[in-house]
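This briefing is written to be read beside the sequence and the 3D model.

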Amino acid sequence: MTDNTAAQAPLAGVRVVEIASFVAVPLAGMTLAQLGAEVIRVDPVGGGADYRRWPLAASGTSIYWTGLNKGVRSIVVDLRAEEGQELVRRLILGAGVLITNAVGRQWHDYDSLVDARPDLIHLEVSGRADGATGVDYTVNAAVGFPMVTGPADHGAPVNHALPAWDVACGLYAALGVVTALRRRDATGRGTRVTLALENVALATAGTLGLLTEPMVNGTERQRLGNAVYGQYGQTFTSADGADFMVVALTGRHFRDLTIMTGTVEAVAALEKALGVDFSDEGDRFRYRETLTGLFSVWFAGHSAEQIGAALSRTAILWERYRSFGEVAASERVTDNPMFGPLTQPGIGDYRAAGLPLSFDGAHPQARPAPALGDDTVTVLTDVLALSPDEIDRLVAAGTVADRGQR
């Protein structure tokens, strides 16, 4: 699905107003835009708190901001002025869908809007379920994952680099909007959707058994380094210093690993000596360190090229560890139809990721992010039907700002 098929996009005809910053809600907005919705992002004059967040291009343009706002429209409004608030309210009521993480703003909360638009879809993302503030990094600290992340012998908490809860929250938010749209289409009813970042993390921890384990067994997950809990998986290093992640989930995987490393007899002897059965994934996990000691000898005696060739001839699940730079230059990006050429003002030309979903064999492709306020005048003209004189007055009063005033 490309721009010339936008009219057939799944969410074509849907208009969404977004008042947000940082990751979760902008990711939801961008996802909805990639699905064909017209998403109008509203920012305060000068931009939101995330507008110049690192990394920056040489021009000073935020690679982060443009990456999370591809394909949306941008308007700039003085959100503290009553007239500015009223303009945004009119946009929301006309669109019928609002997504926001600006919690506690009475002028655009559900109760203040629903009487004027009973079928309103209003999605609000908060930090914590009790309404308190929270971001990915603080939510992650509160849920327990830093206590099981990092080397097995490391005593202090280790945060992971991926803002996993922001990403999951953004996708839940997009799903919430699509679900509410389906409900409105079927019944004519609107929906008030609330989503707490903390609940996304708690639900995930519960679903994966990390919270259930102490409730039921009275035990807690321990740090495992790069090992895979309950299975056999480990990092191995080649003779020339390359690292590989190797995972044996099934009996066939494990047999192939022993054959490849020439340890069939040694592993059989180990089974007999310990009185265990390595066809059982639990036994493979319990004795992972001993098994890793056996397998590591083979990996340490072969080059990365030899290891990759040998693993490719097996059913083993594996991959070589790679840097972001290596991945960006690899065929995973250059030959991937999800990525397409994009010219982003302030950034330059690069291959940008579209939507991971493929519809009828095609990925919705990325479109450039707007500059701040790029669409202020056109939105006020086309959506709110304001006259040029009215817009000039609003600009002169500082109630709105176009691109040249951002």
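The points below cover domains, secondary structure, burial, salt bridges, polar contacts and backbone geometry.

The model is predicted: local features need pLDDT of at least 70, side-chain atom pairs count only at pLDDT 80 or more, and totals for chains, interfaces and linings use all residues. Residues are numbered from 1 along each chain as its sequence is written, and side-chain values use heavy atoms, with hydrogens and water left out.

**Domains**

- The protein chain is assigned domain 1 (15-206 + 333-401) and domain 2 (232-320), with bounds from an automatic or database domain assignment.
- Between the C-alpha centres of domain 1 and domain 2 the distance is 44 Å.
- Pro337 and Phe236 are separated by 101 residues in sequence and by 32 Å in space, C-alpha to C-alpha.

**Helix H1**

- Helix H1 spans residues 24-34; helices (H or I, at least four residues) and strands (E, at least two) are DSSP runs, numbered from the N terminus.
- H1 is mostly covered, with 11 of its 11 residues buried; buried means under 20% relative accessible area, exposed over 50%, and partly exposed in between (1.4 Å probe, protein chains only).
- The buried residues of H1 include Ala24, Leu27, Met30 and Gln34.
- Gly36, just after H1, has a positive phi of about 110 degrees.

**Salt bridges**

- The count comes to 15 salt bridges, where a salt bridge is a side-chain nitrogen of Lys or Arg within 4 Å of a carboxyl oxygen of Asp or Glu.
- One of them joins Asp375 to Arg73, with the closest N and O atoms 3.9 Å apart.
- This pair links distant parts of the chain, 302 residues apart: Asp375 is in the loop between strand S11 (348-353) and helix H16 (376-382), and Arg73 is in strand S3 (residues 73-77).
- Asp375 counts as buried because its relative accessible area is 16%, while Arg73 is partly exposed at 21%.
- Arg89 and Glu86 form a salt bridge at 3.6 Å, N to O; both lie in helix H3 (residues 82-95), three residues apart, about one turn of the helix.
- Of these two, Arg89 is buried at 18% relative accessible area and Glu86 is partly exposed at 41%.
- Arg117 and Asp119 form a salt bridge in which the closest N and O atoms are 2.4 Å apart.
- Arg15, Glu38, Arg73 and Asp375 are joined into one network by salt bridges that share partners.

**Serines with side-chain polar contacts**

- Ser126 is in strand S5 (residues 121-126) and is buried, at 16% relative accessible area.
- The Ser126 side chain reaches the backbone oxygen of Arg128 at 3.1 Å. A polar contact is a pair of N or O atoms within 3.5 Å; within protein, one must be able to donate a hydrogen and the other to accept it, and residues adjacent in sequence count only if both atoms are side-chain atoms.
- Apart from neighbours within four places in sequence, Ser126 is in contact (heavy atoms within 4.5 Å) with Val103, Leu195, Ala196 and Leu197.
- Ser238 is in the loop between strand S7 (232-237) and strand S8 (243-248), and counts as buried because its relative accessibility is 5%.
- The side chains of Ser238 and Asp240 are joined by a polar contact of 2.5 Å.
- Beyond neighbours within four places in sequence, the contacts of Ser238 include Phe244, Phe299, His302 and Ile307.

**Pro337**

- Pro337 lies in the loop between helix H15 (331-334) and strand S10 (339-344) and is exposed, with 56% relative accessibility.
- Leaving out neighbours within four places in sequence, Pro337 is in contact with His363 and Gln365.

**Backbone geometry**

- Most residues other than glycine have a negative phi, and most peptide bonds are trans.
- The peptide bond from Trp54 to Pro55 is cis, with omega near 0 degrees; Pro55 is in the loop between strand S2 (38-43) and helix H2 (63-68).
- Asp360, not a glycine, has a positive phi of about 55 degrees. Asp360 is in the loop between S11 and H16 and is exposed, at 85% relative accessible area.
- Ala385 has a positive phi, near 60 degrees. Ala385 is in the loop between H16 and helix H17 (388-397) and is exposed, with a relative accessible area of 61%.
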